[in-house]
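Work through the exercises below with the model open beside you. Try each task before reading its solution.

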Amino acid sequence: MSTFYERFERHDHARGLKARSTHYCAGCGHGLVHKLIGEAIDDLGLQDRVVAISPVGCSVFLHYYLDVGNTQAAHGRAPAVGIGHKLANPEAIVISYQGDGDLASIGLAEIIHAAQLGLPFTVIFVNNAIYGMTGGQLAPTSLMGQRTSTSPGGRNRHMGSPLRMAEMMAQIDGTAYVERVALFDAKQRARAGKAIKRALQVQADRVGFAFVEVLAECPTHLGLTPPETERWVAEKMVPVFPLGLKKEPTAPPFPPWPPPNHDPAELLRVIGATSAPVARFCRGFPVTAFGEDIALKLAGAGGDGAQTAALLLTKAAINEGFDATHIPSYGPESRGGTSYADVRIAESEVLSPAAPHPHALVAFNAPSLARFGPEVLPGGVVVYDSTVVTAPPSLPPGVRPVPVPCTAIAHELGQKMVKNVVALGALVAATGLFPPETLVAAVHQALASKPKLLTVNEEALARGRRAAEEALAQTAG
Amino acid sequence: MATVSKVSKRPQPGLEPEYCKGCNRCVEACVHGCIAPGQEINPLTGLMPVALHLDECNGCGLCVDACPEPWGLRVPDPTPPRPRAVPADLAPERQPLGEGKPLILKGAHASAIGALLAGCRHFFGYPITPSTEGAELMARLLPQLDGHFVQAVSEVAAVNMMYGCGGAGLPSMTFTSSPGLSLMLEGVSYMIGAEVPGVIVDVMRGGPGLGGIGPEQSDIKLLCRGLGHGGTHAIVLAPATPQEMLDFTQLAFALAFEYRNPVMIAADGYLGQMTGKVLLPPAAVKPGLPAWSVHGDAAHRGNLINSFHLAEADLEAHNRHLQAKYLMMIKAEQRADLYRCQDADVLLVACNTPARMAKGAVRALRDEGIAAGLFRPQTLWPFPIKALKPLLREVRQIVVVEASDGQLEDELRLALSHAGVGEGIELRHLRRMGGVLPSQREIVDAVRAAVKRRALA
């Protein structure tokens with residue numbers, strides 16, 4: 001058998017008999033399962049492709065013995081580790097070898113979801129109805145009445161009842177092949193060998209997820225001789241865990257996975273770094289009353305478009321060669337809660353990205369205006385939607401109110417979504433942030449894939465601008 | 001009858017008695033009664049191996065199939081063991097990108113794109129606010145590059161998928177946030193123990209427990225001092241801008257493979273959500289394949305990914321090896337950004353988004369004539385004490401500005417104490433929590449007050 005190491009170098013550095021002797025107790029089923037896996041790998045010629053995952057439990061040292069790629073996983077996590085290996089190299093033949101504590105207790109979530117995912121993958125589940133490595137405690141598969149060190153009076157209803165994993169796995173749509181086998185006589189061992197071989201073949205053919213549960217012997221913790229343990233499995237375990245085929249593959253194989261694409265040109269295309277730069281219209285950093293580090297806040301309810309407008313402003317500023325940041329803030333609701341955005345624009349570097357005291361505020365509703373209006377700095381501007389804010393509160397001295405009927409204008413344009421763009425047009429006109437072309441270019445950039453919406457958005461910008469100019473003329477007058 | 005003659009020619013089994021544990025499973029398997037339970041104790045093993053009497057044996061092999069020991073009962077096998085290749089490192093390839101235009105990206109998106117530029121094509125994660133945008137972008141972009149995005153059943157599963165993928169020698173990553181990081185720490189400890197590379201971006205939010213979804217720097221302690229059980233450490237990068245989210249994520253992959261260790265990126269909830277200008281690096285990376293990987297191919301068949309060392313001496317030697325690696329990181333990987341520190345007598349220490357507010361504060365304080373400077377650690381572990389030390393000659397006060405209960409300050413104090421410096425320097429702090437970041441105004445006020453108190457004293 002070439003699939004076993006000639007010398008078990010990892011077993012206590014192959015000292016003495018350990019070079020060729022396993023660490024298992026006399027009569028333990030694990031050694032048999034190891035041999036069946038080794039034979040199946042030999043027969044199918046898969047040795048170079050196998051990644052075997054040693055679990056936590058008695059079989060933690062699987063990697064001492066099998067001459068394949070080996071990895072050792074945290075308790076219960078072998079199926080997750082296996083998914084990582086399989087997707088890293090879909091040509092690998094991944095075997096998740098797990099005991100009953102590992103698979104059916106601590107790793108239940110991982111095994112169920114690996115099965116649900118259904119990738120071609122082989123799980124060998126060794127069920128001996130007891131914990132071995134920790135010294136004979138109750139397993140999720142222990143039988144009713146079974147005495148263990150943590151069920152000294154025998155398993156009773158208070159401790160739950162044995163989990164039938166093969167049946168559970170067969171129920172999951174993602175599995176392709178599920179069988180339960182045993183080792184207690186020559187016939188069962190022959191069947192087990194066939195099942196394990198098939199479970200590997202199913203993976204090699206990319207058919208899908210294969211699960212073989214093996215009822216195995218733990219003479220030490222059952223307190224029986226090995227032949228007595230074989231009879232215990234046959235007589236006590238099999239009635240609870242019926243042997244046989246639970247599920248056959250029906251779905252067609254997975255198509256082969258292409259190797260990951262590392263072409264730099266394709267990468268640039270995918271991340272959107274290939275489109276042409278947007279033209280600049282500013283002659284320098286905008287000369288406003290706000291200095292070189294401008295703070296803006298846009299606030300409304302979810303759905304008002306405060307975030308979209310804020311992002312447009314940010315992009316417009318960056319297109320012009322300045323630095324800008326946008327930070328959103330939402331209430332806990334997915335829809336309809338509060339939504340406000342802080343935008344900072346600076347010539348070379350935005351420092352503090354927050355705008356607790358903005359130079360300009362856009363308020364889409366009365367609560368936003370009431371909350372943030374008092375925070376606007378002297379000399380600042382407040383654009384608010386005068387369609388919905390009918391009784392504006394007084395603002396701090398030196399702050400100019402700019403009422404703009406954003407909602408009404410958007411309705412007139414037949415596209416109520418554009419009220420935020422109306423507000424943007426008004427904001428830019430009221431502050432002198434950018435020439436009108438800057439925002440038009442940013443809108444073109446944002447709507448590259450929706451050209452039908454261009455006209456209405458351009459119109460919204462222009463109407464907002466006009467409304468702001470009129471409002472400012474009125475206050476000035 | 002042909003079958004019978006074939007059977008009769010089959011070789012009989014042999015047994016080296018020292019490899020028999022005397023389980024007697026073969027005794028029952030033999031239908032010809034050729035095997036009897038042993039009566040004599042083997043002096044080498046102290047066990048009683050079975051006794052073979054092969055006169056009636058027809059070489060059916062059922063006893064061999066019943067023997068649980070690979071080198072126990074067996075028929076001689078003339079095939080020699082298959083030779084094992086000696087794997088070589090396949091180095092990553094640098095791929096120039098040419099001139100890309102600036103991108104306008106959210107911090108979380110910038111980090112995801114940094115990962116793609118580093119050659120990462122495997123993402124494993126579980127959605128958690130405020131880190132999810134990064135995962136969502138990966139879900140959209142990876143399929144276009146024939147990569148793999150897996151939404152795992154939990155953070156526990158996600159980090160173990162990274163353990164598998166990293167063990168196979170390929171770069172992988174996840175985005176998570178504080179409660180998710182807690183769940184991943186078991187796996188991080190295994191990754192460190194088994195020397196598996198991978199990148200974890202932690203977009204920190206308020207805690208403890210479910211805490212809140214606003215930004216905090218609540219995991220500095222975990223990232224620097226508590227990466228699961230055992231003596232663990234990993235490089236912790238602390239970006240402050242969307243640009244650094246991209247740059248540091250790309251860098252993190254290189255460091256992860258250089259040291260065979262996970263790399264942690266400590267971001268805050270603000271930074272994950274913040275949109276800003278991002279320039280592309282000059283080159284992308286096509287990953288190689290390290291010699292140590294368990295890739296599932298002939299070249300790497302002899303390899304093992306493992307953190308379990310049963311013999312005390314082996315585990316101690318392994319730990320000394322890990323600690324030598326940590327020492328190399330401490331020597332080579334300290335990173336810091338200094339702003340007007342040269343002549344500063346009051347030093348602000350801050351990282352992530354609060355460092356931006358602190359930078360604004362330094363500018364305002366300098367305008368008032370206060371000699372303030374900002375020391376911004378870009379690696380939280382190792383703490384950049386080498387860059388800090390020379391500044392301490394001028395510095396009379398340090399003000400630590402952070403969105404946590406003092407976790408950055410603890411790292412600073414540890415670093416000062418290990419270096420045996422900082423005595424006589426007054427240490428003050430400004431801390432906000434719960435999703436509130438220190439504002440520039442608060443920082444200016446705090447520093448002003450500290451300086452005033454010093455003047456009075």
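**Exercise 1. Find which residues A:Val383 is in contact with, leaving aside its neighbours within four places in sequence.**

Solution. The model is predicted, so read each contact as a feature of that prediction.
Step 1. Set aside the neighbours of A:Val383 within four places in sequence.
Step 2. List what remains: A:Val362, A:Val402, A:Val404, A:Ala423, A:Ala426, A:Leu427, A:Ala430 and A:Ala468.
Step 3. Place A:Val383 in its core. The largest nonpolar core has 277 residues. A:Val383, A:Val214 and B:Leu348 touch the most other members.
Step 4. Look for a core apart from this one. Another has 15 residues, including B:Val27, B:Cys34, B:Ile35 and B:Val50.
Step 5. Set this beside a general tendency: in soluble globular proteins, nonpolar side chains tend to be buried together.

**Exercise 2. Follow A:Asn70 through its strand and find what stands opposite this residue in chain B.**

Solution.
Step 1. Start within chain A. Strand S1 (residues 50–54) pairs with S2 in the parallel sense, over four bridges. A:Ala52 has A:Asn70 as its bridge partner in S2(A).
Step 2. Cross to chain B. Strand S2 (residues 69–72) of chain A also pairs with strand S13 (residues 304–305) of chain B. The sense is parallel, and there are two bridges. Here A:Asn70 stands opposite B:Leu304.
Step 3. Check the faces of S2(A). A:Gly69 and A:Thr71 are buried on one side. A:Asn70 and A:Gln72 are buried on the other. Both faces are covered.

**Exercise 3. Describe the side of chain A that touches chain B.**

Solution.
Step 1. Count the residues. Chain A brings 81 to the contact and chain B brings 92.
Step 2. Find the main contributor on the chain A side. Helix H3 (residues 78–88) of chain A gives the most, with eight residues.
Step 3. Sort that side by type: 44 residues are nonpolar, 23 polar and 14 charged.

**Exercise 4. Give the strand order of the open five-strand sheet in chain B, then place the helices on it.**

Solution.
Step 1. Write the order: S14-S16-S15-S18-S19, with mixed pairing.
Step 2. Mark the edges. Strand S14 (336–339) and strand S19 (426–431) of chain B each pair on one side only.
Step 3. Add the twist, which averages 20 degrees from one strand to the next.
Step 4. Add helix H12 (residues 352–367) of chain B. The helix packs on the sheet, touching S14, S15, S16 and S18 of chain B. Its direction makes about 165 degrees with that of S16(B).
Step 5. Add helix H14 (residues 407–419) of chain B. This helix lies across S15, S18 and S19 of chain B, at about 140 degrees to S18(B).
Step 6. Inspect one pair. S14(B) and S16(B) run antiparallel over four bridges. B:Asp337 has B:Arg376 as its bridge partner in S16(B).

**Exercise 5. State how each chain is divided into domains.**

Solution.
Step 1. Take chain A. The assignment gives domain 1 (12–247) and domain 2 (293–476). Their C-alpha centres lie 62 Å apart.
Step 2. Take chain B. Its domains are 1 (2–66), 2 (96–332) and 3 (336–456). The C-alpha centres of domain 1 and domain 3 of chain B lie 77 Å apart.

Methods. Residues numbered from 1 in each chain as written. Chains lettered and ligands numbered in written order. Predicted model: local features only at pLDDT ≥ 70, side-chain atom pairs only at ≥ 80, totals over all residues. Contact = placed C-beta atoms within 7 Å. Nonpolar A, V, L, I, M, F, W, Y, C, P; charged D, E, K, R; others polar. Pairing = 2+ DSSP bridges. Domains from an automatic or database assignment. Core = buried A, V, L, I, M, F, W, Y, C linked by C-beta atoms within 7 Å. Buried ≥ 20, exposed ≤ 12 C-beta atoms within 10 Å, placed from the backbone. Axes fitted to C-alpha atoms, helices over the stretch in contact; angles between N-to-C directions.
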